[in-house]
Each structure stands twice: as structure tokens, then as C-alpha cells.
Amino acid sequence: MEWKEVEGGWTRTGDVEEDRTWKPIHHLAGFGAQDSIDRFWAEHPELNPERNIAGFGSDEPRCQWCCKLFKNSHGMKIHLGRGCRHKPVSKKGSQTERKIRRRKRVAAQARLPKVRIGAAELKNHFDSLLLGHSVEAGGEGTHAVEIRGAQAKSTFGKLMHLWDNDDLWLKTKLLLYQSGVLSVLTYGQEAWQLTEKIMTMLRGWNARCLARITGRTVREETVDPTFDLIKSIRVRRLRWVGHVLRKPEASLDRKALFTYKRPYPEGSVLMDVPPHGDIQELATQAKSREKWNVIVNQLNCQNLECRRSETRGEEDAS
Ligand SMILES: [Zn+2]
């Protein structure tokens with residue numbers, strides 16, 4: 001296992017798991033201790049290497065992580081059942097693991113064949129920032145949301161004196177939260193893939209901030225948030241889709257929307273549009289601003305959490 005410098009940090013080559021299992025003292029030979037071991041046996045002829053250390057290893061009730069010896073296998077079972085402190089923790093799914101995986105992807109991207117313009121060679125970039133939205137080569141949209149989340153969290157931290165101010169009404173604090181913090185978070189949200197995973201992430205993010213403002217628990221703010229962030233994003237997206245569909249045919253964003261083909265990908269910007277045949281039909285529906293506003297208001301009045309469980313139920317039934 002060795003560390004190698006890559007663009008933007010260090011990465012570990014070869015994912016060799018560190019072997020932490022118990023080995024008899026013979027493994028000390030690897031550290032140049034063989035001479036000392038030989039001398040020890042020579043000085044103690046009453047001891048027999050075969051008899052006195054042969055027991056190490058397979059049968060004896062010894063914890064393989066902390067090397068503690070137990071009276072019987074039952075004792076060891078209890079120890080393992082309680083969880084040995086020295087047992088290595090799995091890093092799968094952790095923040096560290098995700099960061100390392102991302103670094104590997106960035107390095108892999110850099111190794112791919114390069115594009116040339118004349119004599120100039122273009123650099124391979126794993127991600128690029130476009131109008132405040134991070135576009136990744138991997139296609140996974142979580143990183144873009146994580147970046148905005150970190151930026152908004154920093155803003156939230158700077159306004160801590162407001163959240164702790166007892167002279168301000170809760171309503172005022174929530175308005176400040178929406179205009180000062182959520183505006184930073186949701187910048188460029190039209191480009192997000194609002195998948196179930198990202199919605200869960202945002203729900204937790206919102207709940208942690210709201211809990212600090214309202215004094216309720218994070219769990220309470222997750223189940224029944226004081227301000228429903230997911231709904232506000234989805235309502236804004238639906239309003240935006242209507243706005244783009246009403247634009248002249250030559251406009252770029254309208255053209256981009258017309259490239260969508262059914263079935264739309266999970267969490268696309270068209271996730272809440274009313275039933276329609278193709279996108280042209282949807283554009284016809286959107287022509288009347290008043291009618292589209294009714295659809296948007298309907299979504300605003302709905303309890304999206306209920307709707308989510310209903311659709312899940314339908315999926316289960318089908
Ligand atoms: Zn142990």
C-alpha cells in the first residue's frame with residue numbers, strides 16, 4: 001500500500017486491507033527479531049517451542065482483534081457479541097470512502113485520452129462549474145447539491161446571531177432563513193436531478209437548520225418541517241417549466257426542455273408536470289399562464305409526503 005500524489009490531493013494505490021489478525025510471535029521474524037527468538041530458546045532449554053507456542057492460532061479462545069485470551073469459547077463469544085473495540089470499522093458508505101472514490105474518479109478522468117486543438121492539448125476535467133452548478137463526468141448529481149449545501153451552511157453559520165436573537169419573531173427568522181440561506185442553497189436547482197436520495201439529503205439538511213432556529217428536534221423537523229424545502233423547490237421548478245415552455249421557439253432553454261423523451265429520468269425537472277402525451281402537448285397546456293398557475297398552486301397545496309407514499313403504494317401494487 002503506498003500513497004501517490006494526484007491532482008488535488010493524495011490517493012492510495014492498491015486497496016490492500018491492513019491485515020490485523022492475530023499471528024503467533026513468529027511474525028516478529030519479519031522485523032529482524034529472529035536472532036533474539038533463537039537466543040531465547042537456546043537460553044531456556046526447559047521450554048519447547050512446539051509445545052509452548054503451538055497453541056497460538058486456531059483452537060484457543062483468543063479474540064483475533066485485541067488478542068485477549070479467554071477461559072473458554074463462550075467468554076470469547078460474549079466479548080465478540082458486545083463488539084470488540086479493536087475490530088476495524090467498515091468505511092463503506094462513509095464520507096471518507098466517498099471522498100476517496102471521487103478522487104480516484106478524478107484521477108481516472110485525467111488519464112483518459114486527451115482532445116487536441118492544433119498543437120494545444122486540452123486538460124481532462126472530471127467536473128466543471130457552469131453558472132454555479134457543478135457538472136460531473138460521472139453523472140451523479142449529489143456532488144453539485146453537496147457543494148451548494150456547504151455554501152449555504154456557511155451562510156447559516158454567519159447568521160447565528162439572528163437565530164439566537166430572542167427579540168425576533170419566529171416568522172421573521174423563517175423569512176430570513178428563506179431569503180438569506182435557502183437562496184444560496186437552491187441556486188441552480190433547475191439543473192438538479194431531484195432523486196429520492198437527494199431529496200432525503202435535502203430534507204435532513206433543512207431539518208438540521210430548522211431545529212437550530214425553532215428549537216424542535218431534528219426528527220420533528222424531518223417528519224413535519226416548519227418550512228417545507230422540498231415542496232418549495234418542486235413548486236418553483238414547475239413554475240419555471242411553464243415559464244420556459246411559453247418562451248419563443250428559438251430560445252435555448254426551451255429547446256433543451258424539448259430534448260426530454262418519455263419516460264423522463266428520475267427526479268428530472270419535469271417530475272411534477274400534469275399528465276400529457278408528448279412535450280409539444282405540454283407546451284400547449286402551458287400557453288395559458290392562468291391555467292398553469294392553477295396547476296402550480298395545486299402542487300403547492302398538496303401534501304407531497306402523502307403523495308409520495310401513495311405513489312409508492314401504487315408501485316407496490318403493480
Ligand atoms: Zn477483542
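**Notebook: cores, a helix pair and one leucine**

I began with the largest nonpolar core, which has 18 residues, and I noted that V181 and C209 have the most contacts inside it. I then looked up which helices feed this core, and found that α5 (142-158), α7 (170-185) and α8 (196-214) each supply at least two of its residues. The largest share, 7 residues, comes from α8. I keep in mind that this is a predicted model.

Next I followed C209 itself, leaving out residues up to four places away in sequence, and I saw that C209 touches F156, Y177 and V181. Apart from this core I found another one, of 12 residues, including V235, L282, A283 and A286. I wrote beside this entry that, in soluble globular proteins, nonpolar side chains tend to be buried together.

I then turned to a pair of helices and asked: at what angle do α5 and α8 pack? The angle is about 5°, and the two axes are 11 Å apart. Angles under 35 degrees count as roughly parallel, and therefore I entered α5 and α8 as roughly parallel to each other. On the side of α5 the contact is made by T142, V145, G149 and F156, while α8 brings K197, I198, M201, L202, W205 and C209. When I sorted the residues of this contact between α5 and α8 by class, I had 7 nonpolar, 2 polar and 1 charged.

My next entry concerns L299, whose place is in helix α13, residues 289-301. Is L299 buried or partly exposed? I counted 18 other C-beta atoms within 10 Å of L299, and a buried residue needs 20 or more, so L299 goes down as partly exposed. Leaving aside its neighbours within four places in sequence, I found L299 in contact with R234, V235, L238 and D272. I looked at one of these partners, D272, more carefully: L299 and D272 are 27 residues apart in sequence, yet their C-alpha atoms lie 8.0 Å apart in space. Another partner of L299 is V235, and I had already met V235 as a member of the core of 12 residues.

Last, I stepped back to the protein chain as a whole, and I recorded 14 helices and 6 strands. Of its 318 residues, 13% count as buried. I also looked up the contacts with a separation of 6 or more, and 52% of them are accounted for by residues 24 or more positions apart.

Note on methods: Residues are numbered from 1 along each chain as its sequence is written. This is a predicted model: local features need pLDDT of at least 70, side-chain atom pairs count only at pLDDT 80 or more; totals for chains, interfaces and linings use all residues. A nonpolar core is a set of buried Ala, Val, Leu, Ile, Met, Phe, Trp, Tyr and Cys residues joined through C-beta atoms within 7 Å. Helices (H or I, at least four residues) and strands (E, at least two) are DSSP runs, numbered from the N terminus. Two residues are in contact if their C-beta atoms, placed from the backbone, lie within 7 Å. Axes are lines fitted to C-alpha atoms, for helices over the stretch in contact, and angles run from 0 to 180 degrees between N-to-C directions. Angles under 35 degrees count as roughly parallel, over 145 as roughly antiparallel, 65 to 115 as roughly perpendicular and the rest as oblique. Ala, Val, Leu, Ile, Met, Phe, Trp, Tyr, Cys and Pro count as nonpolar, Asp, Glu, Lys and Arg as charged, and the others, Gly among them, as polar.
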